[in-house]
Each structure stands twice: as C-alpha cells, then as structure tokens.
Amino acid sequence: MLTLASNLGAARSQMAFTLGFHIILASLGVALPAMMLIANYRGLRRDDQDALRLARRWSKAVAVTFAVGAVTGTVLSFEFGLLWPGFTGRFGSVFGVLFAIEGIFFFLEAIFIAVYIFGWKYLSPWAHFWAGVPVVIAGLGGAFSVVAVNSWMNQPQGFSPASGTVTSVDPWKVIFNPAVPYEVPHMILAAYLVTGFLVASIYAVGMLRGRRDRLHRLGLLIPLTVACIATPIQFAVGDTAARAIAHDQPVKFAAMECVQQTSTDVTEYLGGRCTSSGVKGGIGIPGFDSFLVGWSTSTQVTGLDSVPPDDRPPANTMLHWAFDSMVGICSVLILLALWLGIGWWRKRDFPQSRWFLRATAVSGLAAVVALECGWIVTEVGRQPWVVYNMMRTSEAVTQAHGIWVTFGLIVGLYVALGATLIISLRAMSRRWRRDDQELDDVPYGPEAGPAPGPAGTPA
Amino acid sequence: MSEAEAVAGVLLVGATMYAVFGGADFGAGVWSLLAGRGDRGRRPRALIDWAIGPVWEANHVWLIFTLVVLWTGFPTAFESLFSTLFIPLSLAALGIVLRGSGFAFQHTARRARGRAFAVRFFGLASLLTPFFMGTVVGAIAGERVPVGNDAGDLVTSWVNPLSLVLGALFVATGAYLSAVFLVSEARRAATPDLERYFADRALGAALVAGALAVAGLVVLHEDGRFVFDGLKGDALPLVIASLVCGIAVLVLLRRGGRRGVRPLAVGAVVAVIWAWGIAQHPYLLPQVLTIDAAAAPGTTLTSVLIVFGVAVVVVLPALGLLFTLVQRNLVEETERPAQGSSF
C-alpha cells in the first residue's frame, strides 16, 4: 500500500511538472504566431521594414519554442499511458476523440509553421503571410480540443454506464461538456495574455537598457496591446468561471476559498492559512464570498464539510493562495492596461516613463506565475478525482514501479531543456542586435539571399 | 470489414507513416552520428540538416496520431501495453526528447562546440527510439503483454531474443530508408559525391537490415508462432512483395541506378508492416486480445473514422504542399551543403 501511495505521489509530481512546463510552451505556440502575423501584416500594409524584421525574428522564436513544445507535448501523450493507464484504459474511448481532432490541428500547425518559417526567402510576400494564417487558426483549434478534454475531466458526461467498462459514448456531449464555455476561452485568453506580456517584457528590458530604437518600441507595443486588450476580458471570463465552478464543482470552489462549513453570508478571505476551524490570518470581507457567488450575501456557499475528508482536495492553503495570486496578478495587470490605454488616449503613444517600462518588464513573469497558479487551481482542486466524481486519481495510476526514477530523470532533462531554450533565445537576440548595426536582414528584400540556382548548377 | 477493423487499419496507417518518415528521421540521426568528427562529417551532416529541417515536426505528428488512435479506439490495449512495457516506452520517449531538442537547437547553436554536442545527442538519441519501439513490437508478437494494468513482466516482456532482434532491425531499417532518401536529397542539392556516399551506405544498411529480418524470422518461428504462421499464410504475398522490392533496391543501388529506388525502398518497408498487421489478424495483441474485444463503443469508432477522413481531406494536401515546396527548393533555411569532390 505504501509503495502504491508513493507511486501515486511520483506520478502526480511528474504529471504536474511536465504539464506545468508544457503549458508555457503551448501558450507561446498558440499566441506567438498571432503576434508574428500582426507584425507581418503591418509590415506589408505600411511598407514597414521594422515590423517585417520583427515578424521574421519572432518566426525564429516560434520555430524554436514550437519544436520544444512538440517534444514536451509528445512526452505528455506518452504519460497518458505510462502514468495513467487506468484512466486511458477506462475513459480513452470517451475523451480520445478530442485528441484525435487535436491531432489534425497539430498537423496543420506543424506543416504551415514549416512553410512560413522556411518560406521567407522564396515565397511571395502575401503568399507567405497567408501561409501563416492557418497556424493561428490551428493553434486556436488545438487549444480548444485539449482544454475541452480537461473540461470533460471536470464535468464528465456523454458516456454510460457510470461505473465499469464504458459501453456507449455520445461524442457531442463529451466535446461540448458544461465546463467548455468557460474553461476553453479562459485558457486561450491566458495564452494570448502570457505571450503578450512575456514578449513585451523582453523589449521593455531592452529599452530600460537604453535601446530605444523604433524596433524596440514596436516590439513592445504590438504584444503589449494584444495582452492589454485580453486582460480585462480575461478577468470577466475568470469571474464567470469561478461562479460556474461554485455551482458545478462546489468542493473545488470551497477549497479555493477555504470555506469549511456550508452556510450563507460567507466571508471572502484574501490570503491567510486554511485550517479545519476556519481561515487564520488574511484579510476577511464579511459576506463578500456569498455575494460573489450569487450577487447576494444570503447566497448559500457549499463548504468542504459537504463531503467526507477523503473526497476533499489536498493542500488547501496552497490552493487558496494559488487562486488569490492568479486573481491578484490579473487585477494588477488590468492597472497596467489602463496605464497604457490612458497614455495612448492622451498622446497616441505608450507612456515613456521608466516606471511604465519597469512595470512592463515584470508583467511577463507575473503573467506566467498567474498561468501556473490557474493550472494548480484547476488540477489540484479536482483531486482526489482524475475524472470528477467518477474515477479517483489513485485508480488511474500505473502499477508499474520506477516512477520516481523517471520523474528524477525528467526533472533533470527539462531543467537542461529550459536552460538551453533560454540560452539560445538570448543568443539569437544578441545576434540580431549585431545585425541591427549592419542592417543586412531585410525580409523579402533583394539582399535577403541569393536566388536559388537551378538544381545541378554548382553555387 | 467491421468498424473496429477499419480503426485498426487506421492505426496501422499511422504506424506505417511514422515508421517510414519518423524512422527515416531517426536513421538520419544514425548517419549523422556515424559521419565522423570535424571536416569529414561536416558535409554529410549539412545535407541531413538541410533535408530534414522543414519536415521534422510534421513527420513526428504521426506518432502522436498513432498513440491517440490506439487509446481512443482500443483503450484496454493501450492500458496493457503502456503499463507492462513501461521501461522500453519510457526510453523511447527519452529518445524523442533528446532527438527533438537536439533538432530544435541545432540551428541556434552556431558555435562549433555547441553544434558538436547537439550532433552527438541527436545521434545517440536516434538509436534509442527505434530500438525500444522494436522491442515493444517484439513483446507484442511474442505474446508477452497480458491484458491489465501492469499484468505482464516489467523486464522479461521486452528483454528477450525476439524483442532485441526486432529492436536492432528497427534501427537498421530506419538507417536504410534514410540513406535511400538522402541519395535523392543529395541529388537535389547537386552534390554527386554525397549521392555516392549515401548510396554506399544505403547498400550496407540494406544488407544489415536484410540479415536482421532473416534472424527475426528464425526467432519468430520459436517465439511468436502465431505471427510466424500468419506471415507464412495470409500475409505471404506481402512478404514476397517486400522481398522483391528489397532485392530490386539492392540491384539498382549496385548498378548505380537512382530512379525508382525511393518508392521501392518504401514499398519494401510498408509491405512488411502490413504483412505483420495481416499476420496477427484478428488479434491486436496476438492470442491475448482480439481487435473486436479491445474496441471502443461504436460511436467512438465512427468518430475516429470521421476524424481520419477529415485528416485525409485536410492534412494530406497540406502535407503534399509542404513536401512539394521542399522538393522545389522553395522553403529552406539552413545552408545547402557546399560542393566538393572529396571528403
């Protein structure tokens, strides 16, 4: 029993680690091509060489992050069997179709990214631009399919019987499960928000170091504008999601908010430590939790005591903090968006103060933290279930031994992978800076490289 | 043909595509590793990088596709395979991680030391995935994967003569396909010396793969009687077709012919994979689990077939577009290997 328990712990750790890693790359894979195409479009429409140069550089960043994301994604598809054979064995026929659909989107993404990245030299400018459009659409479709699976794990439906071998499946009910309308947009917006702030923060750091050329200003403005438009929408979607979870998964909501007893007039706590006798420390706003759930302080909020201890999520305080951090970071990012909006409204430009650049410089990391917190809330909050109220995570885990070994190995590998990714992106940016002085990398320009000689002609 | 059998066919299509395209990618990694250090290995490696760059990702999506169809269409088989064969499948995944990251970073690592390191990674990793995938197939053919979560032996299921021979065969086959593809790529890059270089290697790899295939049949006779009898029975025409294609490739390469080598080499591999599929019919796991018993509910099977149909209509033309652009030299990023007459 003890070895099994530790097997479960190792499997959960490995899954959390690999998914937490992949979610950043997946977000970049979904949203970075969009930023790249916005720059590309602007460059073509206004004959803006700086925008084209940005598009070209971002396409190289897309190439590297997509290649690494494809690797970490493949690892996840192996982990469905290596870590959770009980889950795929019983429910693979139910949620699998969504992954099959995702396969099509992933294929299209891989194909058109290759055409776009490798097509700068020889495709005509507008043909090249249009080769990038399917990448953005496929990114959205892929995100829908994958997140819909997670939504289904939170709100399982469309199969029968409820226990034992599944004998009948209704794919439409699986694909459009009740959690899809809030979870899918929440994740897609998160991808755009994280990517936007992350890319903008890199250019903000450059500007703080004195590189205030037009390329840097544009490189900051395009992604920051996208992220700042996404942020307030994300806040509203997230708010809707929280209210839906209070209804759909009341125990998860109770853990997020540290609600011990089911009651009305529940206090909303910011921070604090969750104990069985209530929240210690933190800032309490009486009645506000009930108000957030049902627009009235007399709304009843389900508490953790509604289910036996075995059915409650673990690590209650961490969950609560993850939720508060996510909401807190999003609120602060809205202030940054307002700052940009007011600056733009008054001067048709982003605020030039160093404080604005500093705020933008940290926004990228803050957005990543919020993304991870959100993922923790979704996943840890669903525990002890892998499929909510249907299958326990302990029933899903593999009986094979040695997960601690693979977990240790994969942590080492991914740390090296992450470090190499950051080092090579930095090396790329240093090279670009050198090129800036020589101005030799104008896309679509006649100097962009020699025309291909006919095959067979020695160069 | 039942719906379940159709989905099994889709599974085999995915596996075939991955074996041919993914296998060739891994094979290229083997040649990259064997090309030698310094200047001697630089040009063959440049050709490999140049040829694979644009198509690497698309080739590897086939694996994900195959895994997804397996767990969607035949969830019990997936559960049984991935728990009992935890070790070789973990190592195969390790190979993909190393190979994929080596590929991701080789363009960014411009410094010689970084590149040399990436090459070695890339090369060693290229041995892992095909080898351990081969041991997995050996475990299936040897009837060592019982139904259930970790119901089989974690070690002996894949550490046995049949698995090991098939592992070696998979590595050799990848190297063979890859060398044949690289002959054509060398021609596209207008480097006749590299054309000869890879033609020699294709010939060598073909002989090794052929010898391993014979060894595999001998072991299969002892250890995987059901599949062996199938190969001798219903699947015999495909086995013969594979043999004919393989011999034709040898003769063509020996004579210095180039036309038709690629399709014939692919034909030889595809025929063997389908022969294996037919040989173990009606089983998914020979004598353990039939296709029908493992199959998902009907609506799921229908959905998989519909998705596959959409993929054929949408993905294949796009894939064709990519390969066409590559073949016409309209998409390229890395430098073409320099011209040269000697190594």
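## A helix, an interface and two buried residues

Helix H7 (residues 161-188) of chain B makes a good starting point: at 1.5 Å a residue, its 28 residues should span 40 Å, and the end C-alpha atoms are 41 Å apart, so the two values agree. Please keep in mind as you read that this is a predicted model. Most of H7(B) is covered, with 23 of its 28 residues buried. Just after H7(B) comes B:Ala190, which takes a positive phi of about 55 degrees.

Next, the place where the two chains meet. On chain B, 61 residues are in contact with 61 residues of chain A. Four helices of chain B, namely H3 (56-73), H4 (75-84), H5 (86-106) and H13 (298-327), each supply at least two residues of the side that touches chain A. The most comes from H13(B), which gives 13 residues to that side. Sorted by class, the side of chain B that touches chain A holds 40 nonpolar, 15 polar and six charged residues.

Two residues of chain A are worth a visit, and the table sets them out.

| Residue | Helix of chain A | C-beta neighbours inside 10 Å | C-alpha separation |
|---|---|---|---|
| A:Val68 | H2 (residues 49-82) | 27 neighbours | 37 Å to A:Gly343 |
| A:Ala322 | H10 (residues 316-347) | 23 neighbours | 9.8 Å to A:Leu371 |

Is A:Val68 buried or exposed? A:Val68 counts as buried because 27 C-beta neighbours lie inside 10 Å, where 20 or more are needed. Leaving aside neighbours within four places in sequence, A:Val68 is in contact with A:Leu25, A:Leu417 and A:Leu421, and also with B:Ser101 and B:Ala104 of chain B. A:Gly343 lies 275 residues from A:Val68 along the chain, and their C-alpha atoms are separated by 37 Å.

A:Ala322 also has its place in a helix, H10 of chain A. With 23 C-beta neighbours inside 10 Å, A:Ala322 therefore counts as buried. Which residues does A:Ala322 contact, leaving aside its neighbours within four places in sequence? They are A:Cys373, A:Ile376 and A:Val377. A:Leu371 is 49 residues from A:Ala322 in sequence, with 9.8 Å between their C-alpha atoms.

Finally, a word on confidence. Chain A averages a pLDDT of 87, and 94% of the residues score at least 70. Over residues 445-459 of chain A, however, the pLDDT is below 50, and this stretch has 17 contacts in the model beyond near neighbours in sequence. Where pLDDT is low, the predicted coordinates should not be read in detail.

Note on methods. Residues numbered from 1 in each chain as written. Chains lettered and ligands numbered in written order. Predicted model: local features only at pLDDT ≥ 70, side-chain atom pairs only at ≥ 80, totals over all residues. Contact = placed C-beta atoms within 7 Å. Nonpolar A, V, L, I, M, F, W, Y, C, P; charged D, E, K, R; others polar. pLDDT = per-residue confidence, 0-100. Buried ≥ 20, exposed ≤ 12 C-beta atoms within 10 Å, placed from the backbone. Expected span 1.5 Å × (residues − 1).
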